[in-house]
Each structure stands twice: as structure tokens, then as C-alpha cells.
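Reader: I am new to this structure and would like a close look at one part of it. Please take me through the salt bridges and where their partners sit.

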Amino acid sequence: MSEPIRMRTSRTVIRLLDVEEAELLQRYRTENRDHLAPWEPLRTTLHYSLEGCHQAIEAGLEAARADRGYPFAVLSPDGGEMIASFTFANVVRGVFQACHLGYGIARRHEGKGLMYEAIDAGIRYAFGPLDFHRVMANYMPRNDRSGRLLERLGFEKEGYAKRYLKIDGLWEDHVLTAKIRTQG
């Protein structure tokens with residue numbers, strides 16, 4: 001990763017956060033704590049602290065440098081507000097060339113098409129400069145919004161995994177989906 005990754009959509013800027021932007025991440029996490037909790041693992045108080053956000057950004061930058069993961073922040077055009085996030089995680093190269101996609105959006109920005117806009121740009125980047133062949137995304141069956149978003153983005157259902165991930169303290173079933181690059 002020689003130069004910073006930066007994507008733009010009509011309403012957002014998408015990039016990795018810098019360590020000095022830990023307050024921006026902390027504000028997003030604390031303002032959306034209750035909103036995101038049903039869809040995420042249980043979080044410790046460190047997750048919501050400035051130090052925890054600083055550590056998360058450092059770990060994310062290291063993951064990107066090592067081509068293991070890409071934790072993107074979706075920001076307002078002026079960079080003053082974090083609207084959403086998405087991550088290309090669990091990067092596997094070699095004959096697989098794939099990753100998992102995870103995402104979340106601030107409560108106040110739901111229903112505006114911003115998550116679609118951001119992930120659509122991210123998928124183009126994943127299949128372009130990052131050279132992935134497959135992007136996988138899994139969602140809980142009760143998360144209708146997520147299922148509709150992935151379908152709209154062109155992800156296809158590939159399976160169903162019982163008790164797949166421990167979310168909010170419970171082992172949750174997930175629908176397995178993927179989008180495969182059509183060229184190359």
C-alpha cells in the first residue's frame with residue numbers, strides 16, 4: 001500500500017482512517033452503540049474508548065499494509081462525520097483471491113442509499129486495484145435490510161450456516177452470499 005486509498009461517491013469520501021482521527025471513530029461508535037449492537041459481537045468498554053479507537057485504526061492500517069484487511073470509513077464529503085464503515089476482511093490470496101465484507105451504517109443515515117453507494121464503490125475497488133475474484137458477505141436471516149442491500153449489489157445466495165457467528169452474545173445463523181468478479 002504505497003499511496004493512500006481514497007474513493008469518492010456523489011455523497012461520500014471513503015478511505016482508511018488516520019490514527020489522529022480516533023475521535024471521529026469514537027464518536028461514530030458511541031453514537032451508534034445501541035443501533036449496531038444487535039448485529040455485532042459483544043463489545044468491551046475499550047471498543048468505545050479513545051484508546052480503543054486509536055488501537056483499532058493502527059491495527060487496520062497494519063492490516064492494509066500487510067494485505068490482510070481493509071477497514072474503510074465512509075465519511076461526509078468534508079470528512080467531518082463518519083457515516084458508515086465497511087471492511088474487506090480475512091483476505092486470502094493465492095488461488096482464492098477473496099475476502100469477507102462486513103459493514104454498518106449510522107442510524108441517522110439509514111434509508112438514504114448511502115450504504116449501497118459506498119459498498120458499490122468499494123466492490124469496484126475490490127475487483128479493480130485489490131484484484132479480488134470473490135467477495136463474500138453473510139447476514140442474519142432476520143436482517144432484511146442487509147439481505148436486500150446485498151441482493152441489490154449483485155450478491156448471490158450460496159448457502160446457509162447454522163450458528164455461524166457469535167453476535168450480541170448469541171450464536172446466530174447466517175445466509176452466505178458472494179459476488180464474483182465477471183472479468184479476469
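Author: Glutamate 21 is a suitable place to begin: in this predicted model its relative accessible area is 15%, so the residue counts as buried. Its partner in a salt bridge is arginine 15, with 2.6 Å between the closest N and O atoms. Arginine 15 has a relative accessible area of 12% and is therefore buried as well.

This pair belongs to a wider set, since the whole structure holds 11 salt bridges. Another of them joins arginine 11 to glutamate 117, whose closest N and O atoms lie 2.8 Å apart. The two residues come from distant parts of the chain, 106 residues apart: arginine 11 is in the loop between strand E1 (6–8) and strand E2 (13–15), while glutamate 117 is in helix H5 (residues 114–127). Glutamate 117 is buried, at 14% relative accessibility. Arginine 11, at 34%, is partly exposed, because that class lies between the limits of 20% and 50%.

A further salt bridge is formed by the side chains of arginine 142 and glutamate 172, at 3.0 Å from N to O. Arginine 142 is in the loop between strand E6 (134–139) and helix H6 (144–152), and glutamate 172 is in strand E8 (residues 170–180), so the contact ties together parts 30 residues apart in sequence. Here arginine 142 is partly exposed, with a relative accessible area of 45%, whereas glutamate 172 is buried at 15% relative accessibility.

As for why such pairs form, side chains of opposite charge can pair when their charged atoms come close.

Definitions and conventions. Residues numbered from 1 in each chain as written. Predicted model: local features only at pLDDT ≥ 70, side-chain atom pairs only at ≥ 80, totals over all residues. Heavy atoms only, no water. Salt bridge = Lys/Arg side-chain N within 4 Å of Asp/Glu carboxyl O. Helix = DSSP H or I, 4+ residues; strand = E, 2+ residues; numbered from the N terminus. Buried < 20%, exposed > 50% of the residue type's maximum accessible area, 1.4 Å probe, protein only.
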